[in-house]
Amino acid sequence: MPAEIAAILERYNHGFFPMFDHERDRLYWDRWPERAIIPLGPEQARRADSLRMKKFKIEENKRFGQVTARLLDRSFRPETWVGPPVVEIWRTLRDHGRLNTIEAIRDGQLLGAVMGVVLDNVFVAETMYREATDASKACLVHAIKKYTAMEFVFIDVQQPHPPDHPAARLGEVALPTRQFLKLLRAAVAPRSRLNPPL
């Protein structure tokens, strides 16, 4: 694995994520004192499947440029923490198969997305947005079903959300970062360590 991508993944594997400070024009890596995850398993997948989000066609990894352009647009998201250096990190991850964009499409138009980093057994939902009701929720439902089927342990949604947010409504659990890091370390360990032979 190239050193550049290995260094990026190492930061994610320790709970850090990139942020861009527009006022100071600088990239930094952050880690908050409280985190939120959506645990994955058959029950969670059934819950997501029961929502039957049929209003959108879901595609993956077809509109990276459109998604990042929207995230960079401060007229659309005035408080955005996304800047060009963050997009470059995402591009590097994408080029090495470690980034997934889940896109909600209706009538040929991109109306929402979830963008995340693919670790070993954990999907880090870096950011999501919507331009139509339930668009980002449909993407998150798809992610829950997809990564449950792949036997991932949880989706890291990074920060606790208000009760009406899609992540909160889909089973988000808030926990101290110390506890989160223990779960993260166990999840990204080799499967042979997660499931030792009897």
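Which residues do ring pairs link into a cluster? Ring pairs link F123, Y147 and F152, where rings of Phe, Tyr and Trp (its six-membered ring) pair if their centres lie within 6.5 Å. Before I go on, please keep in mind that this is a predicted model, in which local features need pLDDT of at least 70 and side-chain atom pairs count only at pLDDT 80 or more, while totals for chains, interfaces and linings use all residues. Residues are numbered from 1 along each chain as its sequence is written, and side-chain values use heavy atoms, with hydrogens and water left out.

Let me take the aromatic pairs, of which the structure holds 7. One of them joins F76 and Y129 edge-to-face, at 5.7 Å centre to centre and with 80 degrees between the planes; here planes under 30 degrees apart count as stacked, over 60 as edge-to-face and the rest as tilted. F76 lies in the loop between α3 and α4 (84-95) and Y129 in strand β7, so this pair ties together parts that are 53 residues apart in sequence. Helices (H or I, at least four residues) and strands (E, at least two) are DSSP runs, numbered from the N terminus. F76 is partly exposed at 25% relative accessible area, whereas Y129 is buried at 5%; buried means under 20%, exposed over 50% and partly exposed in between, with a 1.4 Å probe and protein chains only.

Returning to the cluster, F123 and Y147 form a stacked pair, 4.5 Å centre to centre with 15 degrees between the planes. Because F123 lies in strand β7 and Y147 in helix α5, the pair ties together parts that are 24 residues apart in sequence. F123 is buried, with a relative accessible area of 0%, and Y147 is buried too, with 2%.

Helix α5 (135-149) also brings us to helix α2, whose buried residues pack against α5 and against β3 (34-39), contact meaning heavy atoms within 4.5 Å. In α2 (residues 42-49), the buried residues are Q44, A45 and A48. Seen down the axis of α2, these fall within an arc of 100 degrees, so they line one face of the helix; the arc is that of the directions from the helix axis to the C-beta atoms. The face turned away from the buried side carries the exposed residues P42, E43 and R46.

Finally, two asparagines have a positive phi although neither is a glycine: N61, at about 60 degrees, and N121, at about 80 degrees. N61 is partly exposed, with a relative accessible area of 45%, while N121, in the loop between β6 (109-118) and β7, is buried at 6%.
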